[in-house]
Amino acid sequence: MVKWLVLVILSVVGAKLNDEYDVCPEQIFLSNKTNLQKWIPDKNEPVKINSSKTTDIIAQTIKFSHLKSVDDITDDLYYTMPPLFQLDNYDACLVRNATFCLGSFHLSAPDDNQLNSLLQWVSSNARHRFNHTQLHRGLCLSTSCINVSNTPMSPEQQFQQCVNNVTRSQYGLEASMLRLDYCKDAQTPASVPLDVADDIFLALCIALLSANILGTLYDIFRHKTNKGNQLLLSWSLISNYRNFTHIYPNEDTIVSRFNSIHGIKSFILQLIILAHSVIAIHMAYVYNTKSLETLRRHPALMILMNGSQGVQPFIVLSSFIFVHNFLLLDERYKKRSPVLIFFVFLLRRIARILPLYMFMVGFTATWSRFIADGTMWIPIMEKEAQVCRMKWWSHALFINNLYRPDDRCLVQTWFIAVDMQLYALSIVLAIALTRWTKVVIKIIPLLFLVTILCNFVAAYTFNLKAGLYLSNPEYLKKLHYGMPSFKWMYAAPWASLPASLLGIATAYLYYEMRNNKIDLNKYKWFKIIYRASVPGLFGWIYAGYFLPDEPSRLLSAVYAAFDRPIICIIFCIVLLGFIYRIDNIYWRAMSWSGWQILGRMSLCILMIHWTFNLMQIALQTNVKEVSVLQHIGHWLVTVLMTYLTSIPLHLLVEIPVQKFLRAALCI
């Protein structure tokens, strides 16, 4: 990971040294035969240009028909286009009790307008370019729009006319409002004032804290010779901390062979946080858009652009661990009522996931919107809170990925829903296959192939694309809103079903090999495959770099159907190699004792990190300059704040509530 980051930094630094104009996206080059002087405006000051003369010059000097592709666009042409993002000083505007408006606009012009043709041509490369026919503006009306009109008008009308006047005079383009995020001044009340839901969540937090204090005091003063009240002991911070920090040694036991799973989960979570940091940055008002668009094409960043299938190993592990533990159960337990077994295991899973899951949904829906303020706070944090208020019940039922899928409360929770849905299916299959173990080797591969075929048919019929083609700048900026491929392929349970089936199959395979005392260390062919599998994981991800930007419908459907299954097959080989400790490099690195502590907080980390990703963007008060180091800084801040927050949440919410529910429900 460090090697790739260093490669990216060195590559971008080299690009910076060779591109003298890449540091200033808002400069407009008007170079032509009359030797016009180049100038660079300050990013915090409004640009003032002689309107009619500038518009004529731009219309005469734009020539791009000789360029073979958008990638060949020159700096002169790129900076002739209007800057995508512009923000006035948000805090200064509100201090003066002026009105600040934020919104997006669509640019249009007659067909013979060369600048408009350039905007459409650049925007046609949606894989790596923003939509340059849309502008995003945040303006203080008292400073940027003082000469709009003498006629009284609403802030929204003034905002619309102000932006249109600028684009018309400076670029010869008409700007029509697409979306108004807000217009507010210092006296504008909160869009969602303090209400009963906030009071309920605050009361819940007080109750949880009181329970932890009571349980801890009970554990301190009770007689240690007695077993004690398990309902009260489940809230003991002392006991929970002891369990949290317990380390299983790397001995050759059934439990210790799975120590590497903690390292796998922790490592993948770091990549997920890094990828989500990139998504969050695309949601910002970016200063140097050209740098971001250029950086996206770097091969080293393919792990982020095409790494969305990195969550699939979690699905594999979920099914694998459950089926493995199920197979180790006493035979008398397996012969109980299948319905009873199903609900017992499902309730255990719900008790493990639901408390912390709904705690974070509740926090996002209530008190998160009062933490701070910024230019992007309303369209990001307050919008997220409103969606969580509307969809909280669908999260409690784990169907949020199917009910109103375009409205997303905590975007990563689609995985929680899919994991629970497939976990329920894994229970059904485990119960059924245990009674017919002889046909497992035939049924699972058949189901695996059928699901791939069904996903191919769905992808081809409805033109659904793989995750690689969902990482376009505009898609990330809008969090895939309205994207059928995200709703019905990426975040749908049937797309992750092959991963679940592979987890089940791997668990049965490992169970049979252990019972028959088969040691994979003795098979040279498997050692060769295993040693190739770890780099193979990254190799398959980077293979997406060679796919065309606009693939045929058939190629797109084939890739969408086989992308995740292939990565999961490779991961299953890695998993078996780690369990059998074939190599002293990979599995030892993942079996470091510290990973066990971090791995226990996986759910907390998954649920919390997105909030810190968003908050850093929502607090934005000016256009954001993007660079590799800035990306890394955003990621490191998110990681640090996530882990610092996860520890108390894990000890005070996740563990005690889980233990309390299991003790109360006798599961």
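In this predicted model, the second largest pocket has a volume of about 1200 Å³. Its lining comprises 49 residues, with F267, I268, L271, G310 and I541 nearest the centre. Helix α11 gives the most to this lining, 9 residues. Nonpolar residues number 39, polar residues 9 and charged residues 1.

The largest pocket has a volume of about 1600 Å³. It is lined by 41 residues, and H262, K265, I321, R349 and R352 lie nearest its centre. Elements giving two or more residues to this lining include α10 (237-245), α11 (259-282), α16 (338-365) and α28 (628-665). The most come from α14, with 7 residues. The lining divides into 21 nonpolar, 11 polar and 9 charged residues.

Aromatic contacts were searched over the whole structure, giving 33 pairs. The ring centres of W235 and F660 lie 5.7 Å apart, with the planes at 50°, so this pair is tilted. It links distant parts of the chain: W235 lies in the loop between α9 (230-233) and α10, F660 in helix α28, 425 residues apart. W235 is buried, at 10% relative accessible area. F660 is partly exposed, at 29%.

A second tilted pair joins F322 and F326, 5.9 Å centre to centre and with 35° between the planes. The two residues are 4 apart in helix α14, and therefore separated by about one helical turn. F322 is buried, with 5% relative accessibility. F326 is also buried, at 2%.

Ring pairs further link F314, W414, F415, F486 and Y490 into a cluster. Over the ring of Y490 sits the charged end of R564, 4.9 Å from the ring centre. The charged end of R348 likewise sits over the ring of F345, 5.4 Å from its centre.

Conventions: Residues are numbered from 1 along each chain as its sequence is written. This is a predicted model: local features need pLDDT of at least 70, side-chain atom pairs count only at pLDDT 80 or more; totals for chains, interfaces and linings use all residues. Side-chain values use heavy atoms; hydrogens and water are left out. On a 1 Å grid over the protein atoms alone, a cavity is a set of points where a 1.4 Å probe fits but cannot get out, and a pocket is an open set with protein on both sides within 12 Å along at least five of seven lines; lining residues have an atom within 4 Å of a point. Grid points are joined across faces, edges and corners, and a volume is the space filled by probe spheres set on the points. Ala, Val, Leu, Ile, Met, Phe, Trp, Tyr, Cys and Pro count as nonpolar, Asp, Glu, Lys and Arg as charged, and the others, Gly among them, as polar. Rings of Phe, Tyr and Trp (its six-membered ring) pair if their centres lie within 6.5 Å; planes under 30 degrees apart count as stacked, over 60 as edge-to-face and the rest as tilted. Buried means under 20% relative accessible area, exposed over 50%, partly exposed in between (1.4 Å probe, protein chains only). A charge sits over a ring if NZ of Lys or CZ of Arg is within 6 Å of the ring centre and within 35 degrees of the ring normal.
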